[in-house]
Amino acid sequence: MKIAIATDTTSGIGPQEARELGVSVLPMPVTIDGQEYLETVDLDHDFFFRKQAEGAEITTSQPSPGALTDLWDRLLEDHDGILYLPMTSGLSSSYATAATLAEDYDGRVAVADAKRISVPLWQAVQDALTLVKKGLALEDICHRLVEKALCASIYITPITLEFLKKGGRITPAAAAIGTVLNLKPVLQIQGGGVDAYAKVRGMKQAVEKMFAALDHDLETRFAGKPVRVFAAYSGDASVGESWSAQMREHYGDLFTRIDPLALNICCHTGPGAVALGCAEYEE
């Protein structure tokens, strides 16, 4: 079978990389003060963070059913099947919508809930491409990715609690207390939504906590397995450069990639957030 791989922009795969990889990337909608934009089409990170700093009302949503089926119909003109990898079902109903729509495609479209977002989702796309090259059938590739969905780990620390409060993730009282005490929440994504991992005083301790958490994962869950370490950040590119240097110093050649965080996550973290994580990969 000639199999197409498709995902969405929460994977961090931009237009140029998509062309290089030979994958299709569906832009995620973001609504800012009532105006809908599409990530990487008419919305970039600089504009997003400028509007966020100005106090704009920002919400995110899933791609429309029409946008999804239009993409699939186009791909099926010259492919036998499609593997679609949306963002984790723990943060969006994108997977549920896509899985329902795929039922009308007589088995030619498989939708895998890789339970990932940002660089872990990028890794799932890489794994899908590897499995296609190995000649696996569409159904078998989908099964393999779902089976390995939990073989990834990511930790995130926002620099401010303001946007967690605005998004209803924490109460205004908790945000006020946290700001006064300089508390930083270390959050984690391990197979679903965003969960609390720890609370620490200050960004320095938060970074130390994240490194310790990932080091523990590498020594236990991922010991002896093929694994890649990666990072992500929100806001100015200088944040990414500084964070990349720290990751490279700590993990050496294991450190593979750094990406801007998906805007769906940035809605809740605001600028200045840093993340690190790892994922197994198909050899």
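In this predicted model, the largest nonpolar core holds 25 residues, and those touching the most other members are Ile 5, Val 23, Leu 83, Leu 85, Val 125 and Leu 145. Four elements each give two or more residues to this core: the strands β1 (3-8) and β6 (81-85), plus α5 (119-133) and α6 (138-147). The biggest contributor is α5, with eight residues. Val 23 makes a handy entry point: leaving aside residues up to four places away in sequence, Val 23 is in touch with Ile 5, Ile 13, Ala 18, Val 125 and Leu 129. Two of the residues just named, Ile 5 and Val 125, are also on the list of those that touch the most other core members. A second core lies apart from this one; it has 23 residues, including Val 30, Ala 56, Ile 117 and Leu 263.

Back to the helices of the largest core. The axes of α5 and α6 come within 10 Å of each other, crossing at roughly 145°, and the crossing is right-handed. On the α5 side, the contact is made by Ala 124, Asp 127, Ala 128, Leu 131 and Val 132, while α6 brings in Ile 141, Arg 144 and Leu 145. Sorted by class, that comes to six nonpolar residues and two charged ones, with no polar residues taking part. Leu 145 thus turns up twice, once in this helix contact and once among the residues touching the most other members of the largest core.

Next comes a little open sheet of three strands, laid out in the order β4-β3-β5 with antiparallel pairing. Since β4 (35-38) and β5 (58-60) sit at the edges and have a single partner strand each, one side of each goes without a neighbour in the sheet. From one strand to the next, the twist averages 25°. The pairing of β3 (residues 29-32) with β5 is antiparallel and runs over three bridges. Within this sheet, Val 30 sits opposite Thr 60 of β5; Val 30 is also one of the residues of the 23-residue core.

Strand β13 (residues 274-280) is a well-covered piece of the model, with seven of its seven residues buried. That goes for both faces: Val 274, Leu 276, Cys 278 and Glu 280 are buried on one side, and Ala 275, Gly 277 and Ala 279 on the other. As for pairing, β13 runs antiparallel to β8 (residues 152-157), and six bridges join the two. One of the residues involved is Ile 154, whose bridge partner in β13 is Gly 277. Strand β11 (residues 227-233) also pairs with β13 in the antiparallel sense, here over seven bridges. Val 227 has Glu 280 as its bridge partner in β13, so Glu 280 is both a bridge partner and part of a buried face.

Finally, there is Phe 211, which belongs to helix α9 (residues 202-219). With a relative accessible area of 10%, Phe 211 falls under the 20% cut-off and therefore counts as buried. Setting aside residues up to four places away in sequence, Phe 211 touches Trp 243, Gln 246, Met 247, His 250, Tyr 251 and Leu 276. The last of these, Leu 276, is one of the buried residues of β13, which ties the α9 residue Phe 211 to that strand by contact. Asp 73 is another matter: it lies 138 residues from Phe 211 along the chain, and 44 Å separates the C-alpha atoms of the two.

How values were computed
Residues are numbered from 1 along each chain as its sequence is written. This is a predicted model: local features need pLDDT of at least 70, side-chain atom pairs count only at pLDDT 80 or more; totals for chains, interfaces and linings use all residues. Side-chain values use heavy atoms; hydrogens and water are left out. Two strands pair if DSSP finds at least two bridges between them. Axes are lines fitted to C-alpha atoms, for helices over the stretch in contact, and angles run from 0 to 180 degrees between N-to-C directions. A nonpolar core is a set of buried Ala, Val, Leu, Ile, Met, Phe, Trp, Tyr and Cys residues joined through side-chain atoms within 4.5 Å. Buried means under 20% relative accessible area, exposed over 50%, partly exposed in between (1.4 Å probe, protein chains only). Contact means heavy atoms within 4.5 Å. A crossing is left-handed if the near helix is turned anticlockwise from the far one by less than a right angle, and right-handed if clockwise. Ala, Val, Leu, Ile, Met, Phe, Trp, Tyr, Cys and Pro count as nonpolar, Asp, Glu, Lys and Arg as charged, and the others, Gly among them, as polar.
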